[in-house]
Amino acid sequence: MNVNELLRIVYQHMEYPLALLLILPLILIVWWLLRRQWVLVKEDLEVRVQKQRVRKLLAITRPLLIVLACIALASPFVQEEKIIEGDQFIQLLVDNSTSMALFEDVSGRVAAGLEKRLETEVKVVGSGTQSNVGDSVLNHLKPYGSILLLTDGNVNAGASLGDVALFAAKINATINAVRLNPIRADAGVSVLGPVKSLEDTDNQFTVVINKVGDVKSVRLKVVLDDEVVVDEETPLPVFQFTRKLSKGTHKVTASITSQDFFPNNNAFYKTVRVVPKPKVLLYSEQSSPLETLLKQLFVVDTATSLPADLHDYYSVVVNNIEASRLDANTEVLNDFVADGNGMVVFGGEHAFDKGGYRNSMFETLLPVLVGQPERKEGDVIIAIIIDISGSAGAPFGRWESTAQFEKSAAIGLMRSLKPDTRVAILAFNTQAYMISEPSPVFAKQGIDETIARIKFGGGTNVAAGLLKAIAILSQYTGSKNIVLLSDGKTQLEQSALESAKYAANSGIKIYTVGVGPTTDEQFMIDVAELTNGIYFRADEESKLNFIFGPVDENQPKGGQLELVILNKNHFITDNFDANATLYGFNQVSPKGAARLLATTSTGEPVLTVWRLGLGRVAAMSVDDGSKWAGSLLASGNSKLIARTMNWAIGDPERKSKAFIDARDTRLDEPAEIIIRSEQLPEAEGVVFYKIDEDTYSGNVLPKSVGFQQVAGAVFGVNYESEFEGLGANKELESIVRSTGGKMFSASDFDGMAEHAKTKSKRVVNDKTYWRWPFIIAAMGLFIVEIFIRRIVRRE
C-alpha cells in the first residue's frame with residue numbers, strides 16, 4: 001500500500017482527519033518536557049534511578065496516549081448499510097377533475113384489487129376545473145411511504161408534481177402511477193408568441209394542436225386582425241407563421257373544427273401589443289456594417305463623437321473606440337448606465353487590448369478586464385463534488401444509473417484538465433466524504449478506479465458537500481472553483497443556498513451540472529448564479545473544458561474559431577444555438593461579478609455581461625463584422641446581437657410618459673391592467689392603485705371567453721387551463737421514476753402491492769463512529785501508567 005492509498009483511506013474514514021497532524025508536534029513537546037529539568041535539587045542516587053525509570057516509561061506511554069487521543073479526536077467511522085422496516089401500506093389518490101372524463105374510470109377496480117393484498121386508503125382529489133393533485137400528494141406524503149396515483153398528471157393549481165417529487169425523494173417516499181388509456185377523443189388549440197414587440201420587426205407565432213385519442217386531423221383557421229392566415233384541414237400538431245406588425249394591439253384568433261369531447265378548448269384568443277422602436281446611439285468613428293442590422297430593429301442615431309446629452313437614448317453602442325477618446329466621457333457614460341440604461345461595447349483593432357483599455361477609466365465600466373489573466377502554474381484548484389445519495393441510483397438515459405454518469409463525467413473532466421491543475425474529489429449524501437485530497441492531476445494515480453468504486457445510497461444534503469469543499473479550497477490561493485454533479489434534490493435547500501453565498505464571499509465559483517431523470521434545474525441554476533458560475537445540463541457538461549481545459553488542445557488550424565454558447569441560462573442565450581466562425585478576438589477576461597455567456601472554441605471570452613447600477617453593460621470582444629465576426633451578422637446568428645441589444649435596452653416603454661397594458665388571461669383568473677398616466681385612471685368595475693411614479697395597476701375578473709376591452713386596454717380571455725394539454729402528461733413517468741416509483745397497468749394489482757411492500761424496506765447508509773475504543777484504550781493506558789509509576793517508586 002503506497003502513501004497516497006493510505007492517505008485516501010484515512011480521509012475516507014475520519015470525520016476530522018486534520019486532527020492527526022497534531023500528533024507529531026505534541027509528541028515533540030512531551031519529549032522536550034521530559035528531558036527538561038525544571039528545578040535543580042540534590043537527590044539520592046536511588047531517587048535519580050527511579051525518576052529515570054519513570055521518564056523512560058513516560059517516553060513510551062505519553063506518545064501512545066497522544067496518538068490514541070488524536071485518533072479519537074479525528075472521529076474514525078465506518079459506513080454501514082442499515083435496513084429500515086416501514087408500514088406495508090399504500091395510499092390510492094384518485095384524480096376527479098374534469099379532464100379525467102377522457103379516460104376509463106378504473107378507480108373502483110384498482111381499489112378493490114389492492115385492498116385484498118395490503119392495507120389501502122383511498123382518497124378522491126381534485127374537482128371540476130381545478131386539478132390540485134400536487135397539493136394532495138404533498139398532504140399525504142409520509143417518510144418511506146407509498147402513494148399510487150390515478151391521474152392524467154396535468155396539474156393547474158397548487159404545487160407541481162415535479163416539485164412534490166423532489167420533496168418525496170428527500171423523505172424517501174415513493175410516488176407510483178397507473179397508466180390510463182383514453183376512451184374518448186378530443187382536440188384543443190393554443191397560440192404561443194410575443195406579448196410585447198417592437199414595430200416593423202419579425203414576430204413568430206406558434207399554433208399548437210393537442211390531440212387525444214382517435215383524432216387524425218382537424219380544420220384549422222387562424223386570423224390575425226382581419227387577415228385569414230390559414231383555413232385548411234391539417235394532421236400536423238404545430239403551425240407557425242411570422243409577421244411584421246405596426247404599432248398598436250393586434251389580435252390572433254385560432255380555432256379548430258373537430259368531432260371531439262370538449263368543445264370549449266376549440267378556440268384561442270391572443271393579443272400582442274406592438275410599441276415604437278426605442279432609440280439607440282451607435283458611437284463609431286468609421287462606417288460599420290452593424291448600422292444596417294441595428295436600423296432594422298431600432299431607431300438609430302450615429303455619431304463619431306459622444307454627445308453630452310444621452311437622455312433620449314435607451315442604449316449606447318460603443319464600436320471599436322480607443323480609450324483615449326473614451327476616458328473623457330467615462331463619467332457621462334457611467335451616469336447614463338447607472339440611471340437604468342444600457343451600453344454594448346464592440347471590440348476590434350482599436351478596442352480592449354488593442355485600444356489601451358487596460359487600467360483606463362473606461363475599463364471600470366466594463367464586465368471584463370483587458371488582457372489575459374496572469375496565472376502561475378498550478379494556480380487553479382477545483383473541487384469536484386459527486387452526489388451519491390439514493391436518487392443517484394435511478395436509471396439515466398443510456399446509463400445504468402445517475403451515479404454512473406456522474407463518475408464518468410468526473411473522470412472525463414479530470415482527463416481534460418491541465419496536468420498541473422490541483423483537484424480534490426469529494427462525494428456526499430447526508431454527509432461529505434473526501435475521496436481524493438487536493439493534488440495536481442499528474443499525481444492522481446489510480447483515481448479512475450477509486451471513483452468507480454464509490455457506492456451510492458442515503459439521503460441528500462448538498463450543503464454538506466459544498467461546505468466541505470469550501471473548507472478545503474479556502475486553504476489555497478488562486479482561482480478556486482467547485483463543480484457540483486447532482487440532481488439538485490436536497491434536504492435543507494436554504495442551507496445549500498446559504499453555503500453558495502458563503503462560497504461567493506470566499507472568492508469561490510460554483511459550476512453545477514444537472515444529472516438524473518428529473519433535475520431541480522432552478523435550484524441548480526440558483527446555486528451557480530449566486531457565485532457567478534454557470535449551470536450546465538447533463539448533455540452540456542463537456543463545456544466545462546472551455547473554462548478549465550488547456551487551450552492549445554482545441555486550437556484549430558488556419559486561425560478559424562467557432563462561436564460557443566457557454567451559458568444558456570440567460571435571456572440573451574436562452575434556446576439559442578450559434579453557427580458562426582470567428583477570425584479574431586480581443587484578449588479579455590471576465591470580472592468576478594460578470595457573467596460569461598459565449599466564448600470561442602478555445603475558451604476565449606466573446607460575450608460577457610453585468611449589471612452596473614440600475615443599468616446593463618455587455619462586452620462583445622469581437623469586432624462589428626468588418627473583419628473578424630462577419631458571420632454574426634448573418635441570419636440566425638444575428639439574434640445574438642439583437643438579443644444583447646434588447647437585454648441592454650430593457651423595457652422599451654421605460655421612458656414613455658403614457659401607455660396602457662393588459663395581459664391575456666383565462667376564465668375566472670384576474671387580468672391585470674397597468675396604466676401610466678399623470679392622473680389616477682378610472683374604469684367601471686376596476687379599482688386602480690399606484691405601483692410606481694405615474695403608474696397604476698388594477699384587476700378585472702372576466703366571465704366569458706373572447707377579446708375584451710377595459711379602460712382602453714384590449715386583452716384575450718381563454719378557456720380554463722384544465723382543458724389545455726389534455727391527455728396523459730408525458731412527464732408523469734419520469735416524475736414517478738425520480739422517486740423510485742413505477743408505472744403500472746390498471747390490472748397489475750400484484751405488482752402494485754409487491755412494490756409497495758418492497759419500498760417499505762429501505763437500505764440507508766449510516767456512519768458508526770469508533771471514538772470510544774480509542775478513548776477507552778487511552779484511559780486504560782493512563783491507569784496502567786499510574787499503577788506502574790507507583791510500583792517503581794515503592795521499590
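This is a short tour of a surface patch, several aromatic contacts and one polar contact, to be followed selection by selection in the viewer. The model is a predicted one, and residues are counted from 1 along the chain as its sequence is written.

**Stop one: a nonpolar patch**

Begin by selecting Leu22, Leu26, Ile29, Trp31, Trp32, Leu33 and Leu73, which together form a nonpolar patch on the surface with about 690 Å² of accessible area. If helix H2, residues 23-35, is then coloured separately, it will be seen to supply the largest share of the patch, namely five residues. Ile29, which is placed in helix H2, is a useful residue to centre on: its relative accessibility is 45%, and it therefore counts as partly exposed, since that class lies between the limits of 20% and 50%.

**Stop two: aromatic pairs**

Across the whole structure, a search finds 10 aromatic pairs. Select Phe77 and Tyr769, whose rings form an edge-to-face pair with 5.9 Å from centre to centre and 65° between the planes. Because Phe77 belongs to strand E1 (residues 77-85) and Tyr769 to strand E39 (residues 761-769), this pair ties together parts that are 692 residues apart in sequence. Phe77 is buried, with a relative accessible area of 5%, whereas Tyr769, at 32%, is partly exposed.

Next, move to Phe262 and Phe723, where the ring centres are 5.1 Å apart and the planes stand at 65°, so that this pair, too, is edge-to-face. Here the contact links distant parts of the chain, 461 residues apart, with Phe262 in the loop between strand E12 (248-257) and strand E13 (267-275), and Phe723 in the loop between strand E37 (713-718) and helix H17 (732-737). Both Phe262 and Phe723 are buried.

Before leaving the aromatic rings, return to Phe77 and Tyr769 and add Tyr433 to the selection, as ring pairs link Phe77, Tyr433 and Tyr769 into a cluster.

**Stop three: charges over rings**

Two selections show a charged side chain placed over an aromatic face. With Lys655 and Tyr314 displayed, Lys655 is found over the face of Tyr314, at 5.6 Å from the ring centre. With Arg666 and Tyr719 displayed, Arg666 is found over the face of Tyr719, at 5.5 Å from the ring centre.

**Stop four: Thr665**

Finally, select Thr665, which is located in strand E32 (residues 665-666). Thr665 has a relative accessible area of 7% and is therefore buried. To see the polar contact, show Glu669 as well: the side chain of Thr665 reaches the backbone oxygen of Glu669 at 2.9 Å.

Technical notes. Predicted model: local features only at pLDDT ≥ 70, side-chain atom pairs only at ≥ 80, totals over all residues. Heavy atoms only, no water. Patch = residues over 30% accessible without salt bridge, like charges linked within 9 Å, V, L, I, M, F, W, Y side chains within 5 Å. Areas by Shrake-Rupley, 256 points an atom, 1.4 Å probe, with all protein chains shown as cover. Salt bridge = Lys/Arg side-chain N within 4 Å of Asp/Glu carboxyl O. Helix = DSSP H or I, 4+ residues; strand = E, 2+ residues; numbered from the N terminus. Buried < 20%, exposed > 50% of the residue type's maximum accessible area, 1.4 Å probe, protein only. Phe/Tyr/Trp six-rings, centres within 6.5 Å; stacked < 30°, edge-to-face > 60°. Lys NZ or Arg CZ within 6 Å of the ring centre and 35° of its normal. Polar contact = N/O pair within 3.5 Å; in protein donor to acceptor, adjacent residues only side chain to side chain.
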